[in-house]
Protein chains: 2
Amino acid sequence: MKSMDRTLTGHLPAVTPGETVRLCGHVHRRRELAAVTFLVLRDRSGLAQVVIKPADGQEVPPEETPVEVVGIATASSQAPGGVEVTSPVVTALSAPARTAPVELWRPELAAGLPTLLDHAPVTWRHPAVRARWEIAAASLRGFRTTLDSAGFTEVHSPKIVESATESGANVFEIDYFGRPAYLAQSPQFYKQQLVGIFERVYEIGPVFRAEPHDTVRHLAEYVSLDVELGFVRDHRDVLSVLREVIAGMRAGIKTHAAGAVERLGLDLPVVPEEIPVIHFAEALKLVGAPADEPDLAPEHERALGAWAQQTHGSDFLAVEGYPMRKRPFYTHPWSRQARPPGDGSNSFDLLFRGLELVTGGQRLHRLTDYEEALRARGEEPPAYAPYLQAFAHGMPPHGGFALGLERWVARLVGATNIREVTLFPRDLHRLSP
Amino acid sequence: MKSMDRTLTGHLPAVTPGETVRLCGHVHRRRELAAVTFLVLRDRSGLAQVVIKPADGQEVPPEETPVEVVGIATASSQAPGGVEVTSPVVTALSAPARTAPVELWRPELAAGLPTLLDHAPVTWRHPAVRARWEIAAASLRGFRTTLDSAGFTEVHSPKIVESATESGANVFEIDYFGRPAYLAQSPQFYKQQLVGIFERVYEIGPVFRAEPHDTVRHLAEYVSLDVELGFVRDHRDVLSVLREVIAGMRAGIKTHAAGAVERLGLDLPVVPEEIPVIHFAEALKLVGAPADEPDLAPEHERALGAWAQQTHGSDFLAVEGYPMRKRPFYTHPWSRQARPPGDGSNSFDLLFRGLELVTGGQRLHRLTDYEEALRARGEEPPAYAPYLQAFAHGMPPHGGFALGLERWVARLVGATNIREVTLFPRDLHRLSP
């Protein structure tokens, strides 16, 4: 029996009734009635119903126990997909599972977030919870497909870095063979240097922020999707690539996570052919904020999201021209048409349903501009020597963006806390499981 | 002129002679003769020759400066691909580049490893050096394609972990909001827990080893390709997946890095339909080592590699049944046929051309087996509670493997030092660039 090919529950509807099948999975639900026992089996592809009669002489182990079921595919209008398994031989593949901390077979998990997180290895087994990560994985696939076909090279840059250069604050310190080192807050410096080598690069990897605040939007470690490309005219070229990437992520979900979309009842966003763009100064006016505000407040972002929806029918809105003083030192100043009021930059944020999802823009590419920008911020260029050598030896105009995976998924599935879509979140208080 | 579409140098041979083209790239080589100046332009797709006559009135900036070239595609038997660019307008896109620390236009880089590593952002621009990473990126693509189409889910597990559990030694300690935490040495514990959720998972991400030794084979941070799958019979099922993955990585290189293969003159390995397997006890006999040796020495691995080549015509050899005492506590004991001499396990190493490339095997899946295995090693199961909860709540028989990206590429390109194939290596002495 062991050598019979396994049938996934998702393929059961395609099996000819009467055929013998072998299923493997966890006991999702065991329901013992007087004359019959129902076993709902869960595997990676879905659920299947197994019907056990007393004459079958089979014991069903407790819920969550992994089992093998060999039985006959039988048409049944009551079963999911119209096919159930009858006359089974049920073999437990482990000892009986302990009762789960929450009832995983219920359509909705009746537990608070701390319970869900403390028991993540078990609670993520729930089909509707698992669906959240299926959305994430399919998004990554769409991200890569888009960039692979546009001449980008995947890179992996070091996460242990020598200095806490990019922003200074909120870095984790490591004991690196007796000397201090830091966890990278972003691959920013590396992806820029790599543009000098590969022209177009992307990286998917962890980034680390020692966020001292406990909020529903921040994690100490998250997955960053980073893109950087050379030979751009300005940040609008970067924005065009971002549009393709978002459309590709949406397509990835539609193609590879259709079941998850259905289980979650998701409304996938519309990605317009061209994402509407508004200048920061215009955005301030639109939401009635003072013209000298250096940044958009969350309520402004929400208002702009509603405006984009009403005016452009778009779930996305790019705000360009943020003031230089609120952007990192490597930001390229505004270079399009007449100079708008303030100290605008060739940088943008992408709002998704009224929430910041992506930050990007054009970077400086001339060595002297870097030296000047660093000195203007009271920093000494020699401290940045390893980074600056790329610019000394010729770097093209370039730009890029970074997108947080968990933030994207949270916004898509409507999670109120980013921890709901993170497999094993890390924050001020949580370091386990 | 700016709005004309860019032509990649790699597409130049397909352009109809006489057409005007716009190229972008770095000045790879500038050669000024009496009557003519040659500019070899380098972009992500290759090289192109630009011919400048005195009448063109064009200055060519120094090597490595990024430029835009607008000129006429002209048939030429001397040019790479049979097409060169004449009557150009050359526009520098940055200030003139400083002289590079090594002459990047030479076919071979004449510099020692420390120079190459100190100037990595520049030296990786060399086409033959860049080719090494192109091999890496194409391998990743092949790895994912194989697993995506076999029902695996991509996951990302945390790199900051609570305890230095897996091996205890060689971990980096972090200051995590005032308490100690550690950098993950591998995603082992997480990928196992995730098998309970997704059945089949893979992760590509950084792992961290505080290696106190300076060797040509070890890094403090490297890219690990991790796979784990449930409902296996034993480690041989894992080995079958590994075979598909290696074949997929080879196919990825062939399809997506053909240029790199050519530049490096690579001989891609033959991946047999079935990878030959030898039991550890047999392997010891074959190389004439004492029967009570607990592991294979490097010279044994080399001898076995030569044997696999001679006997099976295979660049790969799997050695199964390693003694339990040399494997981690979660290793499943030997379960096939009659028990061989010693304390064999359902684990294997994959040798690639006589060098260990992959370690894998079947893991324990019953809670009581874990408790026993931990106690036998003098450890207390409660210290592993977050990990063990997956097993308490039902885990299928499962196994997996881990493959180091840099080690794979080093072996493929014949690098003698793993740092040669690592973009920005981290080791006992090196933390920058």
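## Two copies, one helix crossing and some odd backbone spots

In chain B, helix 3 and helix 5 cross in a right-handed way (right-handed means that the near helix is turned clockwise from the far one by less than a right angle, left-handed anticlockwise). This is a predicted model, in which local features need pLDDT of at least 70 and side-chain atom pairs count only at pLDDT 80 or more, while totals for chains, interfaces and linings use all residues. Residues are numbered from 1 along each chain as its sequence is written, with chains lettered from A and ligands numbered from 1 in the order in which they are written.

Back to that crossing. The axes of helix 3 (residues 127-148) of chain B and helix 5 (residues 235-256) of chain B come within 7 Å, at an angle of roughly 130°. Helices here are DSSP runs of H or I with at least four residues, strands are E runs of at least two, and both are numbered from the N terminus. The axes are lines fitted to C-alpha atoms, for helices over the stretch in contact, with angles from 0 to 180 degrees between N-to-C directions. Helix 3 and helix 5 of chain B are therefore oblique to each other, given that under 35 degrees is roughly parallel, over 145 roughly antiparallel, 65 to 115 roughly perpendicular and the rest oblique.

Who does the touching? On the helix 3 side of chain B the contact residues include Ile135(B), Ala138(B) and Phe143(B), and on the helix 5 side they include Val245(B), Met249(B) and Ile253(B). Contact means C-beta atoms, placed from the backbone, within 7 Å. Sorted by class, this helix contact has eight nonpolar, seven polar and three charged residues. Nonpolar covers Ala, Val, Leu, Ile, Met, Phe, Trp, Tyr, Cys and Pro, charged covers Asp, Glu, Lys and Arg, and the others, Gly among them, are polar.

Now the pair of chains. A turn of 180° and a shift of 0.0 Å along the axis lay chain A on chain B with an RMSD of 0.0 Å, using least squares on the C-alpha atoms of residues with pLDDT of at least 70 in both. The two copies are thus related as by a two-fold rotation axis. In chain A, Ile174(A) has the C-alpha nearest that axis, at 2.2 Å. The interface takes 78 residues from chain A and 78 residues from chain B. On the chain A side, helix 3 gives the largest share, six residues, and the classes split into 39 nonpolar, 17 polar and 22 charged.

Helix 11 (residues 405-413) of chain A is mostly covered, with eight of its nine residues buried. Buried means 20 or more other C-beta atoms within 10 Å of a residue's own, exposed 12 or fewer, and partly exposed in between, with C-beta atoms placed from the backbone. Trp408(A) is one of the buried residues, and this set packs against helix 3 and strands 11, 14, 15 and 16 of chain A.

Some backbone angles also deserve a look:

| Residue | Phi | Place |
|---|---|---|
| Ser87(A) | about 45° | strand 5 (residues 83-92) of chain A |
| Phe231(A) | near 60° | loop between strand 11 and helix 5 (235-256) of chain A |
| Gly414(A) | about 75° | just after helix 11 of chain A |

Ser87(A) is partly exposed, with 16 other C-beta atoms within 10 Å, whereas Phe231(A) has 20 such neighbours and counts as buried. Finally, a cis peptide bond joins Ser432(A) and Pro433(A), with omega about 0°, and Pro433(A) sits in the segment after helix 11 of chain A. Chain B has a cis peptide bond between Ser432(B) and Pro433(B), also with omega about 0°.

Notes
Contact = placed C-beta atoms within 7 Å.
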